[in-house]
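Please open the model in a viewer and keep the sequence panel beside it. The tour below proceeds by selection, one stop after another.

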Amino acid sequence: MEEDFDELNGLLKFYFLLQASYHLHSGAFHVLTIIILWARKQSVTKEIAVTKPFTSYWRSLFQHGLALLLIGGAHLFASTRRLGAIGSFALDASSFLLHLLQVCINAPITIPTPYIKAVHRGLVIPIFIYCRFYVWPFVVWRSAWSESKDWLMQMESTLFPGIYDIMIYLFTGLTLILLALNLVLFKRLVNHPHLQRVYNKNNDATSAETQVSDDE
């Protein structure tokens with residue numbers, strides 16, 4: 001079964017290797033950061049010093065671990081690599097725009113608020129919704145559930161009975177966990193504290209200018 005597709009999956013294998021190395025490196029970086037913060041004991045009490053780094057990084061660690069699990073599972077069989085690549089590319093596209101928004105917020109030069117708002121509301125949020133709440137459940141998961149029964153059944157006949165149900169329910173569970181994490185991230189994205197600060201600062205400046213004009 002693998003040999004039928006293996007010659008066509010060279011680029012996909014390379015892409016999966018890059019994805020896995022990125023998530024492994026990022027996860028290791030978060031772990032190292034937690035250890036350093038814990039060792040420095042910056043907080044007043046030991047309890048806060050231990051819990052604060054963990055609560056700051058647990059979501060990212062979990063996401064990288066989940067991504068590695070999905071990448072590894074999708075790479076096991078040539079037939080699932082295409083679905084895994086589609087899902088990973090969708091997450092990458094959304095993540096790229098999230099980083100772009102972060103650059104706009106933390107740029108060394110002041111970027112006008114209307115530009116930040118256009119990136120936030122015109123690019124980041126729509127692409128986030130499309131990639132993470134449409135591509136994954138309605139393209140990747142739907143294909144694995146309803147359009148890929150033939151190769152899943154072939155896999156079951158090759159390995160052992162029941163592997164079809166195991167893979168379907170395992171992939172469904174991982175997808176639900178990923179959607180739950182994306183919901184948490186989306187809520188924070190919509191009500192991003194740094195963006196709210198930028199917007200409020202701009203509104204205060206506009207109000208001050210209006211007040212000065214009225215006084216004149």
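Select Gly65 to begin: at 38% relative accessibility, Gly65 counts as partly exposed, a class that lies between buried (under 20% relative accessible area) and exposed (over 50%), with a 1.4 Å probe and protein chains only. Gly65 sits in helix H3, which spans residues 46–75; helices (H or I, at least four residues) and strands (E, at least two) are DSSP runs, numbered from the N terminus. Add His23 to the selection: 42 residues separate Gly65 and His23 along the chain, and their C-alpha atoms are 7.6 Å apart.

A note on the model is in order before the next stop. This is a predicted model, in which local features need pLDDT of at least 70 and side-chain atom pairs count only at pLDDT 80 or more, while totals for chains, interfaces and linings use all residues. Residues are numbered from 1 along each chain as its sequence is written, and side-chain values use heavy atoms, with hydrogens and water left out.

Now display the whole protein as a cartoon. Its secondary structure comprises eight helices and zero strands, and the elements run α-α-α-α-α-α-α-α from the N terminus on. Of the 216 residues in the protein, 33% are buried. Contact here means heavy atoms within 4.5 Å; among contacts between residues at least 6 apart in sequence, 78% join residues at least 24 apart. Switching to a surface view, the accessible surface comes to about 13900 Å², and 66% of it belongs to carbon and sulfur atoms. Accessible areas come from the Shrake-Rupley method with a 1.4 Å probe; for residues, only the protein chains shown count as cover.

Next, select His120 in helix H5 (residues 113–147). Is His120 buried or exposed? His120 is buried, with a relative accessible area of 2%. Its side chain reaches the backbone oxygen of Leu189 at 3.0 Å. Show the surroundings as sticks: not counting residues up to four places away in sequence, His120 touches Leu101, Ile125, Leu189, Val190, Leu195 and Tyr199.

Move on to Thr172, which is placed in helix H7 (residues 163–190). Thr172 is buried, at a relative accessible area of 17%. Which side chain does Thr172 join through a polar contact? The partner is the side chain of Trp141, at 3.0 Å. A polar contact is a pair of N or O atoms within 3.5 Å; within protein, one must be able to donate a hydrogen and the other to accept it, and residues adjacent in sequence count only if both atoms are side-chain atoms. With neighbours within four places in sequence left aside, Thr172 is in contact with Trp141 and Trp145.

Remain in helix H7 and select Ile166. Ile166 is partly exposed, with a relative accessible area of 47%. Measure from Ile166 to Glu156, ten residues away in sequence: the C-alpha to C-alpha distance is 10.0 Å.

For the final stop, select the cysteines Cys104 and Cys131. Cys104 is buried, with a relative accessible area of 11%, and Cys131 is likewise buried, at 6%. How many disulfides are counted? The count comes to zero, where a disulfide is a pair of cysteine sulfur atoms within 2.5 Å.
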